[in-house]
Amino acid sequence: MFKRPVFNNTLLNWYQANKRQLPWRQTSDPFKIWLSEVMLQQTQVITVIPYYEKFITKYKDLDALAEADEQALLKDWEGLGYYNRIRNFQHAVKEVQEKYDSKVPDNPDEFFKLKGVGPYIGGAVQSIAFNNQLAAVDGNVLRVMSRLNRDKRDMTKASVQKDVKKYIESDMPLEAGDYNQALMELGAIICTPRTPKCLICPVKAHCEAEKANEVMEYPLKKKQKAKQEYYYNVFFILNDKDEIMLIKQEDDLLKGMYELPRFDVDTSIESIEEKYNLTLSQPSAPIGSHKHIFTHKIWYMEGYIVYTADHNEDFIPLSDLQNLPMSVAMQKMIQLIYPEGESGL
DNA sequence: TAAACGTGGCT
DNA sequence: TAGCCAAGTTT
(Lines give C-alpha, C1' and ligand atoms only; values in the text may rest on other atoms or scores of the structure.)
Protein backbone atom coordinates (compact mmCIF):
# COMPACT_ATOMS: atom_id res chain seq x y z
CA MET A 1 0.00 0.00 0.00
CA PHE A 2 1.17 3.51 -0.73
CA LYS A 3 1.78 6.18 1.89
CA ARG A 4 -1.51 8.01 2.12
CA PRO A 5 -0.63 11.29 3.91
CA VAL A 6 2.27 12.10 1.56
CA PHE A 7 0.26 10.99 -1.45
CA ASN A 8 -2.75 13.07 -0.37
CA ASN A 9 -0.71 16.25 0.00
CA THR A 10 1.07 15.76 -3.29
CA LEU A 11 -2.19 15.12 -5.09
CA LEU A 12 -3.95 18.13 -3.55
CA ASN A 13 -1.06 20.43 -4.47
CA TRP A 14 -1.05 19.13 -8.02
CA TYR A 15 -4.79 19.68 -8.26
CA GLN A 16 -4.65 23.27 -7.06
CA ALA A 17 -2.02 24.05 -9.68
CA ASN A 18 -3.52 22.12 -12.59
CA LYS A 19 -7.29 21.93 -12.25
CA ARG A 20 -9.43 22.87 -15.21
CA GLN A 21 -11.74 25.86 -14.92
CA LEU A 22 -15.03 24.03 -15.36
CA PRO A 23 -18.32 25.96 -15.11
CA TRP A 24 -19.55 24.06 -12.05
CA ARG A 25 -16.32 24.93 -10.25
CA GLN A 26 -17.36 28.59 -10.36
CA THR A 27 -20.27 28.12 -7.97
CA SER A 28 -20.92 27.12 -4.37
CA ASP A 29 -24.65 26.66 -4.96
CA PRO A 30 -25.43 23.06 -3.89
CA PHE A 31 -28.28 22.90 -6.42
CA LYS A 32 -25.95 23.70 -9.31
CA ILE A 33 -23.25 21.36 -8.06
CA TRP A 34 -25.85 18.61 -7.78
CA LEU A 35 -27.16 19.35 -11.28
CA SER A 36 -23.64 19.10 -12.71
CA GLU A 37 -23.08 15.73 -11.05
CA VAL A 38 -26.32 14.37 -12.48
CA MET A 39 -25.28 15.52 -15.95
CA LEU A 40 -21.77 14.15 -15.61
CA GLN A 41 -23.03 10.63 -14.90
CA GLN A 42 -21.52 8.44 -17.65
CA THR A 43 -21.09 11.58 -19.74
CA GLN A 44 -17.90 13.38 -20.72
CA VAL A 45 -17.13 16.85 -19.40
CA ILE A 46 -16.93 18.30 -22.92
CA THR A 47 -20.45 17.07 -23.67
CA VAL A 48 -21.93 18.36 -20.42
CA ILE A 49 -20.68 21.97 -20.52
CA PRO A 50 -23.23 23.45 -22.98
CA TYR A 51 -26.12 21.60 -21.32
CA TYR A 52 -25.05 22.82 -17.89
CA GLU A 53 -24.85 26.42 -19.10
CA LYS A 54 -28.29 26.17 -20.68
CA PHE A 55 -29.87 24.68 -17.58
CA ILE A 56 -28.48 27.16 -15.03
CA THR A 57 -29.52 30.00 -17.31
CA LYS A 58 -33.03 28.68 -17.77
CA TYR A 59 -33.57 27.16 -14.33
CA LYS A 60 -31.90 29.61 -11.99
CA ASP A 61 -32.60 27.82 -8.75
CA LEU A 62 -34.01 24.65 -7.25
CA ASP A 63 -37.58 25.97 -7.21
CA ALA A 64 -37.47 26.88 -10.89
CA LEU A 65 -36.48 23.37 -11.83
CA ALA A 66 -38.94 21.79 -9.40
CA GLU A 67 -41.79 23.72 -10.98
CA ALA A 68 -40.74 23.27 -14.61
CA ASP A 69 -42.82 21.32 -17.08
CA GLU A 70 -41.42 17.79 -17.38
CA GLN A 71 -41.69 17.77 -21.15
CA ALA A 72 -39.79 21.06 -21.34
CA LEU A 73 -37.06 19.54 -19.16
CA LEU A 74 -36.86 16.51 -21.41
CA LYS A 75 -36.61 18.79 -24.43
CA ASP A 76 -33.73 20.68 -22.83
CA TRP A 77 -32.09 17.37 -21.92
CA GLU A 78 -32.55 16.10 -25.49
CA GLY A 79 -29.33 14.57 -26.84
CA LEU A 80 -27.71 14.12 -23.44
CA GLY A 81 -29.08 10.60 -23.00
CA TYR A 82 -30.11 8.56 -19.98
CA TYR A 83 -33.31 10.54 -19.85
CA ASN A 84 -34.40 9.10 -16.50
CA ARG A 85 -31.69 11.25 -14.94
CA ILE A 86 -33.60 14.49 -15.42
CA ARG A 87 -36.93 12.93 -14.45
CA ASN A 88 -35.40 11.53 -11.26
CA PHE A 89 -33.65 14.82 -10.59
CA GLN A 90 -36.88 16.78 -10.79
CA HIS A 91 -38.54 14.21 -8.54
CA ALA A 92 -35.74 14.64 -5.99
CA VAL A 93 -35.76 18.42 -6.26
CA LYS A 94 -39.50 18.51 -5.67
CA GLU A 95 -38.99 16.48 -2.52
CA VAL A 96 -36.32 18.94 -1.36
CA GLN A 97 -38.72 21.78 -2.04
CA GLU A 98 -41.48 20.20 0.02
CA LYS A 99 -39.59 18.50 2.84
CA TYR A 100 -36.52 20.71 3.23
CA ASP A 101 -37.76 24.20 2.41
CA SER A 102 -35.95 24.15 -0.96
CA LYS A 103 -32.57 23.71 0.74
CA VAL A 104 -30.42 20.80 -0.44
CA PRO A 105 -29.88 18.67 2.68
CA ASP A 106 -26.37 18.85 4.10
CA ASN A 107 -27.21 15.74 6.08
CA PRO A 108 -25.91 12.76 4.08
CA ASP A 109 -28.57 10.40 5.43
CA GLU A 110 -31.32 12.68 4.13
CA PHE A 111 -29.56 13.39 0.84
CA PHE A 112 -28.88 9.74 0.00
CA LYS A 113 -32.59 8.94 0.23
CA LEU A 114 -33.39 11.20 -2.74
CA LYS A 115 -34.11 9.73 -6.16
CA GLY A 116 -31.11 9.40 -8.45
CA VAL A 117 -28.65 9.90 -5.61
CA GLY A 118 -26.33 6.90 -5.44
CA PRO A 119 -22.95 6.35 -3.81
CA TYR A 120 -21.11 8.60 -6.26
CA ILE A 121 -23.45 11.59 -6.51
CA GLY A 122 -24.12 11.44 -2.79
CA GLY A 123 -20.43 11.56 -1.95
CA ALA A 124 -19.64 14.16 -4.60
CA VAL A 125 -22.35 16.65 -3.64
CA GLN A 126 -21.94 16.21 0.09
CA SER A 127 -18.17 16.68 -0.09
CA ILE A 128 -18.02 19.46 -2.69
CA ALA A 129 -21.00 21.50 -1.53
CA PHE A 130 -20.84 20.87 2.23
CA ASN A 131 -17.36 19.50 2.84
CA ASN A 132 -18.69 16.34 4.41
CA GLN A 133 -16.00 13.68 4.70
CA LEU A 134 -17.28 11.30 2.06
CA ALA A 135 -15.54 9.79 -0.96
CA ALA A 136 -16.86 10.15 -4.52
CA VAL A 137 -15.84 7.00 -6.36
CA ASP A 138 -16.31 7.17 -10.12
CA GLY A 139 -14.67 5.39 -13.03
CA ASN A 140 -11.61 7.65 -12.83
CA VAL A 141 -11.06 6.93 -9.16
CA LEU A 142 -11.45 3.18 -9.62
CA ARG A 143 -8.87 3.20 -12.40
CA VAL A 144 -6.44 5.33 -10.38
CA MET A 145 -6.80 3.22 -7.26
CA SER A 146 -6.48 -0.07 -9.12
CA ARG A 147 -3.19 1.13 -10.60
CA LEU A 148 -1.82 2.69 -7.41
CA ASN A 149 -2.42 -0.55 -5.50
CA ARG A 150 -2.07 -3.07 -8.32
CA ASP A 151 -5.56 -4.09 -7.35
CA LYS A 152 -6.71 -7.00 -9.50
CA ARG A 153 -10.28 -7.04 -8.23
CA ASP A 154 -13.17 -6.47 -10.64
CA MET A 155 -13.77 -2.74 -10.30
CA THR A 156 -17.22 -3.00 -11.91
CA LYS A 157 -18.59 -4.87 -8.91
CA ALA A 158 -20.53 -2.79 -6.39
CA SER A 159 -18.93 -4.66 -3.50
CA VAL A 160 -15.44 -3.68 -4.66
CA GLN A 161 -16.49 -0.07 -5.24
CA LYS A 162 -17.88 0.04 -1.73
CA ASP A 163 -14.57 -1.24 -0.43
CA VAL A 164 -12.58 1.37 -2.37
CA LYS A 165 -14.88 4.07 -1.00
CA LYS A 166 -14.25 2.85 2.53
CA TYR A 167 -10.51 2.74 1.89
CA ILE A 168 -10.44 6.34 0.65
CA GLU A 169 -12.59 7.54 3.54
CA SER A 170 -10.27 5.83 6.03
CA ASP A 171 -7.76 8.63 5.43
CA MET A 172 -9.77 11.50 4.04
CA PRO A 173 -8.09 14.93 4.00
CA LEU A 174 -10.07 17.81 5.52
CA GLU A 175 -10.59 19.28 2.05
CA ALA A 176 -12.84 16.38 1.06
CA GLY A 177 -14.41 18.07 -1.96
CA ASP A 178 -11.11 19.13 -3.45
CA TYR A 179 -9.61 15.74 -2.70
CA ASN A 180 -12.39 13.89 -4.52
CA GLN A 181 -12.06 16.20 -7.49
CA ALA A 182 -8.28 15.85 -7.43
CA LEU A 183 -8.55 12.07 -7.65
CA MET A 184 -11.00 12.33 -10.53
CA GLU A 185 -8.99 15.03 -12.27
CA LEU A 186 -5.88 12.88 -12.07
CA GLY A 187 -7.78 10.07 -13.76
CA ALA A 188 -9.19 12.37 -16.42
CA ILE A 189 -5.96 14.21 -17.26
CA ILE A 190 -3.02 11.95 -16.35
CA CYS A 191 -4.07 8.44 -15.43
CA THR A 192 -6.18 7.95 -18.54
CA PRO A 193 -7.46 4.56 -19.74
CA ARG A 194 -5.42 4.07 -22.93
CA THR A 195 -2.43 6.38 -22.92
CA PRO A 196 -1.66 7.27 -19.33
CA LYS A 197 0.89 10.07 -18.95
CA CYS A 198 2.98 8.34 -16.31
CA LEU A 199 6.05 10.43 -17.21
CA ILE A 200 4.41 13.58 -15.88
CA CYS A 201 2.29 11.94 -13.20
CA PRO A 202 2.65 13.79 -9.88
CA VAL A 203 2.15 10.60 -7.85
CA LYS A 204 4.03 8.04 -9.93
CA ALA A 205 6.40 7.46 -7.01
CA HIS A 206 3.41 5.99 -5.15
CA CYS A 207 2.15 3.84 -8.01
CA GLU A 208 2.69 0.09 -7.65
CA ALA A 209 1.61 -0.62 -11.22
CA GLU A 210 4.10 1.93 -12.57
CA LYS A 211 6.90 0.42 -10.50
CA ALA A 212 6.06 -3.00 -11.92
CA ASN A 213 5.69 -1.54 -15.43
CA GLU A 214 2.14 -2.92 -15.52
CA VAL A 215 0.04 0.23 -15.70
CA MET A 216 -1.84 -0.87 -18.80
CA GLU A 217 -2.95 -4.08 -17.13
CA TYR A 218 -5.15 -2.10 -14.72
CA PRO A 219 -7.98 -1.96 -14.15
CA LEU A 220 -8.77 -5.55 -15.06
CA LYS A 221 -11.41 -5.56 -17.77
CA LYS A 222 -13.80 -8.27 -18.75
CA LYS A 223 -15.21 -8.78 -22.20
CA GLN A 224 -18.58 -7.16 -22.67
CA LYS A 225 -21.70 -8.83 -23.93
CA ALA A 226 -22.73 -8.58 -27.56
CA LYS A 227 -25.51 -6.10 -28.24
CA GLN A 228 -28.84 -7.50 -29.30
CA GLU A 229 -29.96 -6.34 -32.76
CA TYR A 230 -33.48 -5.17 -33.63
CA TYR A 231 -34.91 -4.48 -37.09
CA TYR A 232 -37.69 -1.91 -37.40
CA ASN A 233 -39.76 -0.21 -40.03
CA VAL A 234 -40.37 3.43 -39.14
CA PHE A 235 -43.34 5.24 -40.65
CA PHE A 236 -43.85 8.86 -41.55
CA ILE A 237 -47.65 8.84 -41.44
CA LEU A 238 -48.83 12.12 -42.96
CA ASN A 239 -52.36 13.47 -43.35
CA ASP A 240 -53.87 16.20 -45.50
CA LYS A 241 -53.53 18.81 -42.72
CA ASP A 242 -49.74 18.80 -42.71
CA GLU A 243 -49.74 16.68 -39.59
CA ILE A 244 -47.59 13.69 -38.70
CA MET A 245 -48.28 10.81 -36.35
CA LEU A 246 -46.07 10.57 -33.28
CA ILE A 247 -46.06 8.18 -30.33
CA LYS A 248 -45.03 9.11 -26.81
CA GLN A 249 -42.76 6.33 -25.60
CA GLU A 250 -43.95 4.71 -22.38
CA ASP A 251 -41.44 1.85 -22.21
CA ASP A 252 -38.36 2.27 -20.05
CA LEU A 253 -36.10 2.86 -23.04
CA LEU A 254 -36.51 6.52 -24.08
CA LYS A 255 -39.49 6.91 -21.76
CA GLY A 256 -41.26 10.22 -22.24
CA MET A 257 -39.62 10.89 -25.60
CA TYR A 258 -41.67 11.11 -28.80
CA GLU A 259 -41.01 8.83 -31.72
CA LEU A 260 -42.25 7.98 -35.16
CA PRO A 261 -44.41 4.85 -35.22
CA ARG A 262 -41.93 1.98 -35.16
CA PHE A 263 -42.76 -1.66 -35.82
CA ASP A 264 -40.96 -4.96 -36.19
CA VAL A 265 -40.19 -5.48 -39.87
CA ASP A 266 -42.70 -8.30 -40.19
CA THR A 267 -45.63 -6.15 -38.98
CA SER A 268 -48.30 -5.80 -41.67
CA ILE A 269 -49.89 -2.50 -42.66
CA GLU A 270 -53.27 -4.06 -41.90
CA SER A 271 -52.34 -4.75 -38.28
CA ILE A 272 -51.12 -1.16 -37.90
CA GLU A 273 -54.40 0.15 -39.33
CA GLU A 274 -56.27 -2.01 -36.89
CA LYS A 275 -54.18 -1.07 -33.89
CA TYR A 276 -54.54 2.69 -34.42
CA ASN A 277 -57.90 2.69 -36.21
CA LEU A 278 -56.51 4.31 -39.36
CA THR A 279 -56.87 3.89 -43.10
CA LEU A 280 -53.43 4.03 -44.67
CA SER A 281 -51.99 4.18 -48.17
CA GLN A 282 -49.50 1.60 -49.30
CA PRO A 283 -46.06 2.53 -47.91
CA SER A 284 -43.59 4.27 -50.20
CA ALA A 285 -40.41 2.61 -51.26
CA PRO A 286 -37.84 2.82 -48.44
CA ILE A 287 -36.65 6.41 -48.18
CA GLY A 288 -33.52 5.61 -46.22
CA SER A 289 -32.20 3.78 -43.21
CA HIS A 290 -30.27 4.38 -40.04
CA LYS A 291 -28.33 2.22 -37.61
CA HIS A 292 -28.49 3.43 -34.03
CA ILE A 293 -26.25 1.98 -31.35
CA PHE A 294 -27.32 2.07 -27.72
CA THR A 295 -25.31 0.81 -24.76
CA HIS A 296 -26.89 -2.61 -24.91
CA LYS A 297 -28.79 -2.88 -28.19
CA ILE A 298 -28.69 -1.88 -31.85
CA TRP A 299 -31.63 -0.61 -33.88
CA TYR A 300 -31.66 -1.00 -37.65
CA MET A 301 -34.41 1.30 -38.89
CA GLU A 302 -35.82 1.72 -42.38
CA GLY A 303 -38.08 4.67 -43.16
CA TYR A 304 -41.33 4.66 -45.20
CA ILE A 305 -43.83 7.36 -46.06
CA VAL A 306 -47.52 6.56 -45.64
CA TYR A 307 -50.53 8.81 -46.25
CA THR A 308 -53.90 8.93 -44.58
CA ALA A 309 -57.00 11.09 -44.54
CA ASP A 310 -57.49 10.48 -40.83
CA HIS A 311 -56.91 12.91 -37.97
CA ASN A 312 -56.70 12.27 -34.24
CA GLU A 313 -54.77 13.27 -31.15
CA ASP A 314 -51.74 11.23 -32.22
CA PHE A 315 -51.19 13.63 -35.13
CA ILE A 316 -49.27 16.83 -34.52
CA PRO A 317 -48.55 19.69 -36.93
CA LEU A 318 -45.26 19.29 -38.75
CA SER A 319 -44.36 22.75 -37.47
CA ASP A 320 -44.43 21.39 -33.89
CA LEU A 321 -42.00 18.58 -34.62
CA GLN A 322 -39.03 20.54 -33.32
CA ASN A 323 -40.75 21.38 -30.04
CA LEU A 324 -41.17 17.82 -28.79
CA PRO A 325 -38.42 15.86 -27.02
CA MET A 326 -37.09 13.26 -29.41
CA SER A 327 -34.24 10.78 -29.17
CA VAL A 328 -31.24 11.11 -31.44
CA ALA A 329 -32.29 7.84 -33.07
CA MET A 330 -35.54 9.43 -34.23
CA GLN A 331 -33.90 12.74 -35.15
CA LYS A 332 -31.66 10.82 -37.52
CA MET A 333 -34.71 9.26 -39.13
CA ILE A 334 -36.51 12.60 -39.42
CA GLN A 335 -33.49 14.05 -41.16
CA LEU A 336 -34.10 11.55 -43.95
CA ILE A 337 -37.04 13.64 -45.16
CA TYR A 338 -36.34 16.98 -43.47
CA PRO A 339 -32.57 17.43 -43.76
CA GLU A 340 -30.81 19.82 -41.39
CA GLY A 341 -33.31 22.04 -39.67
CA GLU A 342 -36.01 22.01 -42.32
CA SER A 343 -38.27 20.05 -39.97
CA GLY A 344 -39.57 23.22 -38.39
CA LEU A 345 -41.16 24.61 -41.53
C1' DT B 1 -26.07 -9.51 -8.89
C1' DA B 2 -26.46 -8.27 -13.31
C1' DA B 3 -28.96 -6.21 -16.81
C1' DA B 4 -31.02 -1.94 -18.43
C1' DC B 5 -30.36 2.62 -19.52
C1' DG B 6 -28.22 7.18 -24.50
C1' DT B 7 -25.07 9.43 -26.78
C1' DG B 8 -20.70 11.10 -28.43
C1' DG B 9 -15.51 11.46 -28.06
C1' DC B 10 -11.46 9.14 -29.05
C1' DT B 11 -8.15 5.83 -31.09
C1' DT C 1 -13.43 1.65 -37.66
C1' DA C 2 -15.35 -0.95 -34.25
C1' DG C 3 -15.11 -0.80 -29.66
C1' DC C 4 -13.99 1.24 -25.43
C1' DC C 5 -15.30 4.48 -22.20
C1' DA C 6 -17.32 8.58 -19.95
C1' DA C 7 -17.70 12.60 -12.55
C1' DG C 8 -23.43 5.86 -12.27
C1' DT C 9 -28.25 4.60 -10.62
C1' DT C 10 -32.16 1.70 -10.66
C1' DT C 11 -34.49 -2.54 -10.49
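Helices and strands here are DSSP runs, numbered from the N terminus. With that in hand, the loop between α12 (208-211) and β1 (228-238) is where proline 219 is placed. The structure is a predicted model, and the legends below visit it one close-up at a time.

**View 1. A cis peptide bond joins tyrosine 218 and proline 219.** The omega angle of this bond is about -5°. To find your way, look for proline 219 in the loop that runs between α12 and β1.

**View 2. Aspartate 242 has a positive phi in the loop between β1 and β2 (243-245).** What is the phi of aspartate 242 near? Phi is near 55° here, a positive value in a residue that is not glycine.

**View 3. Helix α2 (residues 30-40) packs with helix α3 (residues 45-58).** Two packed helices are described by the angle between their axes and by the distance between those axes. For α2 and α3 the angle is about 140°, and the axes lie 10 Å apart. Angles over 145 degrees would count as roughly antiparallel, and α2 and α3 are therefore oblique to each other. Their crossing is right-handed. On the α2 side, the residues in the contact are Lys32, Leu35, Ser36, Met39 and Leu40. Their partners in α3 are Val45, Val48, Tyr51, Tyr52, Phe55 and Ile56. Sorted by class, this contact has 9 nonpolar, 1 polar and 1 charged residues.

**View 4. Helices α9 (139-148) and α11 (176-189) cross at roughly 80°.** The axes of the two helices come within 8 Å. Angles from 65 to 115 degrees count as roughly perpendicular, so α9 is roughly perpendicular to α11. Which residues make the contact between α9 and α11? From α9 come Asn140, Val141, Arg143 and Val144, while α11 brings Leu183, Met184, Leu186, Gly187 and Ala188. The classes in this contact are 6 nonpolar, 2 polar and 1 charged.

**View 5. The protein surrounds DNA strand B with 22 residues.** Tyr83, Leu254, Thr295, His296 and Val328 come nearest to the strand. Of the strand B atoms that come within 4 Å of the protein, 63% belong to sugar and phosphate. Leucine 254 has a polar backbone atom 2.6 Å from a phosphate oxygen of strand B. Bases take part too: a backbone N or O atom of glutamine 42 lies 3.1 Å from a base nitrogen of the strand. In threonine 43, an N or O atom of the side chain is 3.1 Å from a base nitrogen of strand B. The surface near this strand has 8 nonpolar, 9 polar and 5 charged residues.

**View 6. DNA strand C is surrounded by 25 residues.** The closest are Leu40, Gly116, Asp138, Arg143 and Arg194. Sugar and phosphate make up 57% of the strand C atoms that come within 4 Å of the protein. Which helices each supply at least two residues of the surface near strand C? They are α2, α8 (119-130), α9 and α11. Several backbone atoms meet phosphate oxygens of the strand, and the distance is 2.4 Å for a polar backbone atom of glycine 116. For a backbone N or O atom of glycine 139 the distance is 3.1 Å, and for one of proline 119 the distance is 3.4 Å. By class, the residues of this surface divide into 9 nonpolar, 8 polar and 8 charged.

Methods
Residues numbered from 1 in each chain as written. Chains lettered and ligands numbered in written order. Predicted model: local features only at pLDDT ≥ 70, side-chain atom pairs only at ≥ 80, totals over all residues. Heavy atoms only, no water. Axes fitted to C-alpha atoms, helices over the stretch in contact; angles between N-to-C directions. Helix = DSSP H or I, 4+ residues; strand = E, 2+ residues; numbered from the N terminus. Parallel < 35°, antiparallel > 145°, perpendicular 65-115°, else oblique. Left-handed = near helix turned anticlockwise from the far one by under 90°. Contact = heavy atoms within 4.5 Å. Nonpolar A, V, L, I, M, F, W, Y, C, P; charged D, E, K, R; others polar. Near = heavy atom within 4 Å. Polar contact = N/O pair within 3.5 Å; in protein donor to acceptor, adjacent residues only side chain to side chain.
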